[in-house]
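Here are my notes for you to read beside the model. I have kept them as short points, so feel free to take them in any order.

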Amino acid sequence: MTDVQFPASLEAIRRRREDPNRVGHGGHGSGGPILGAGHGKTGPATKRIIVGYGFWIFLLSDIVMFSCFFATYAVLQGATAGGPGIRQIVDLPRVEWETACLLASSFTCGLSFAASNAKNILWTQVFLVITGLLGLAFVLLELQEFVALAHQGFTPQRSGFLTAFFSLVGTHGIHVAGGLLWLGTMLAQVQVKGFRPEIMHRLICFNLFWHALDIVWVGIFTIVYLLGSIT
Amino acid sequence: MSDIELRQPVSAEDHWPDHAPGDEPNDSPGHWIRSYLMGLGLATLLTVASFWAASAHPVWGPALPVALIVLAIAQMGIHLVFFLHVTTGPDNTNNVLALAFGVMVVALVVLGSIWIMNHLSHNMMPTDQLIQMQM
């Protein structure tokens, strides 16, 4: 695998720990991996798969957190306390623009990942920048919506329904804003460090994060805005 | 120089020993781009269908929420397959199992909350009778 060998004692420790009864190999002195020593037929998964799996677990826990906000919203939807209901505050054209921005950014994020796999720095950066601009447009549209609502006196303190609305939509917005920061650091890392394995792993995680945000937004625009507009 | 010799310096294993062989995906960029184009097309279709259904009311009123939720779940599936690349392959079994567990927790939290909160006063006496008893 490499020219670098373990010192003999370290190698012995490694072998004893991985294969205490020495059932995994017949010969001695080979530096290769011990196949069939409790790792299944193909040996351990590659780092790429393990990193993706770990981040996937985090994303699922994030989605579970969002489900709590969704549940809160569903329960408190009618608790308007004489204030506005969802029907009065929903602005479908803005939601259409937000959805278009986020879906397009998900697509360009995927294209940047395709360019990363082809080891093309220029196109990776170009598509990452487009992804960031679309994400920024989304955040600004949402901010504009919140400010417009606040000007009408519809703040989170007004009613239980508005609290649930702002926390659900706002948490997603904060995630997108955090994703934008992450995207900025990825731009710098790709530029300075190139496509080293750990940078590729971070790009994988960023892609998973960005696509997962789009999935959560599908839930929000359906449950909050579209169902709200027809009630 | 043969093609293999030309390609070797750019392969990651030569430079970074912690990078296991086979860690690089073998798929060409075309494979990825096709997948993302497919995802974008289907997701756009479902999004447009959702917004159109909400504004044009093409189906019987009470069925509209069900239609919108079905469209949303379909779109989440499209995102999972074409953007997040959740597949049935052997390197994806753990991801699929974790996803199934996540879906179960989400369903328990959302449906359970709605169910409980809508039946809080299920076994309680109606308010008007309660007032009569006190009088």
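1. Let me begin with a term: a contact here means heavy atoms within 4.5 Å. On that basis, among the contacts in chain A with a separation of 6 or more, 75% are between residues 24 or more positions apart.

2. Please keep in mind that this is a predicted model. For chain A the mean pLDDT is 86, with 82% of the residues at 70 or more. The stretch to treat with care is residues 22-39 of chain A, where pLDDT stays under 50. The model has 20 contacts beyond four places in sequence for that stretch. Where pLDDT is low, the predicted coordinates should not be read in detail.

3. On the fold of chain A, the count is seven helices and zero strands. The pattern along the sequence is accordingly written α-α-α-α-α-α-α. Of the 231 residues in chain A, 51% are buried.

4. Which residues have the most contacts inside the largest nonpolar core? They are A:Trp56, A:Phe165, A:Ile220 and A:Tyr225, in a core of 78 residues. Helix α7 (residues 197-230) of chain A supplies the largest share of this core, 22 residues.

5. A:Phe165 deserves a look of its own. Beyond its neighbours within four places in sequence, A:Phe165 touches A:Tyr73, A:Ile86, A:Ile89, A:Glu145, A:Phe146, A:Leu149, A:Gly170, A:Val224 and A:Tyr225. Both A:Phe165 and the adjoining entry in the sequence, A:Phe166, are buried.

6. Now to the rings. Over all chains there are 17 aromatic pairs. One of them joins A:Phe165 and A:Phe166, edge-to-face, with 5.4 Å centre to centre and 80° between the planes. A cluster linked by ring pairs takes in A:Tyr73, A:Phe138, A:Phe146, A:Phe161, A:Phe165, A:Phe166, A:Trp217 and A:Tyr225.

7. In chain B, I would look at helix α3 (residues 29-56). Its 28 residues should span 40 Å at 1.5 Å a residue, and the end C-alpha atoms are indeed 40 Å apart. Buried residues of α3(B) include B:Trp32, B:Tyr36, B:Leu46 and B:Phe51. An α-helix has 3.6 residues a turn, so residues three or four places apart point the same way. The cover over the buried residues of α3(B) includes α4 (92-117) and α7 of chain A, along with α4 (64-83) of chain B. After α3(B) comes B:His57, with a positive phi near 50°.

8. Helix α5 (residues 93-118) of chain B can be read in the same spirit. For its 26 residues the expected span is 38 Å, and the end C-alpha atoms lie 37 Å apart, which agrees. The buried residues of α5(B) are B:Asn95, B:Ala98, B:Leu99, B:Gly102, B:Val105, B:Val110 and B:Gly112. Among the elements covering them are α2 (47-76) of chain A and α4 of chain B.

9. Last, the cysteines. How many disulfides does the structure hold over all chains? The count is zero. A:Cys109 is in no disulfide, and the nearest cysteine sulfur, that of A:Cys205, is 12 Å away. Is A:Cys109 buried or exposed? With 0% relative accessibility, A:Cys109 counts as buried. A:Cys68, by contrast, is partly exposed, at a relative accessible area of 38%.

Conventions
Residues are numbered from 1 along each chain as its sequence is written. Chains are lettered from A and ligands numbered from 1 in the order in which they are written. This is a predicted model: local features need pLDDT of at least 70, side-chain atom pairs count only at pLDDT 80 or more; totals for chains, interfaces and linings use all residues. Side-chain values use heavy atoms; hydrogens and water are left out. pLDDT is the predictor's confidence in each residue, from 0 to 100. A nonpolar core is a set of buried Ala, Val, Leu, Ile, Met, Phe, Trp, Tyr and Cys residues joined through side-chain atoms within 4.5 Å. Buried means under 20% relative accessible area, exposed over 50%, partly exposed in between (1.4 Å probe, protein chains only). Helices (H or I, at least four residues) and strands (E, at least two) are DSSP runs, numbered from the N terminus. The expected span of a helix is 1.5 Å times one less than its number of residues. Rings of Phe, Tyr and Trp (its six-membered ring) pair if their centres lie within 6.5 Å; planes under 30 degrees apart count as stacked, over 60 as edge-to-face and the rest as tilted. A disulfide is a pair of cysteine sulfur atoms within 2.5 Å.
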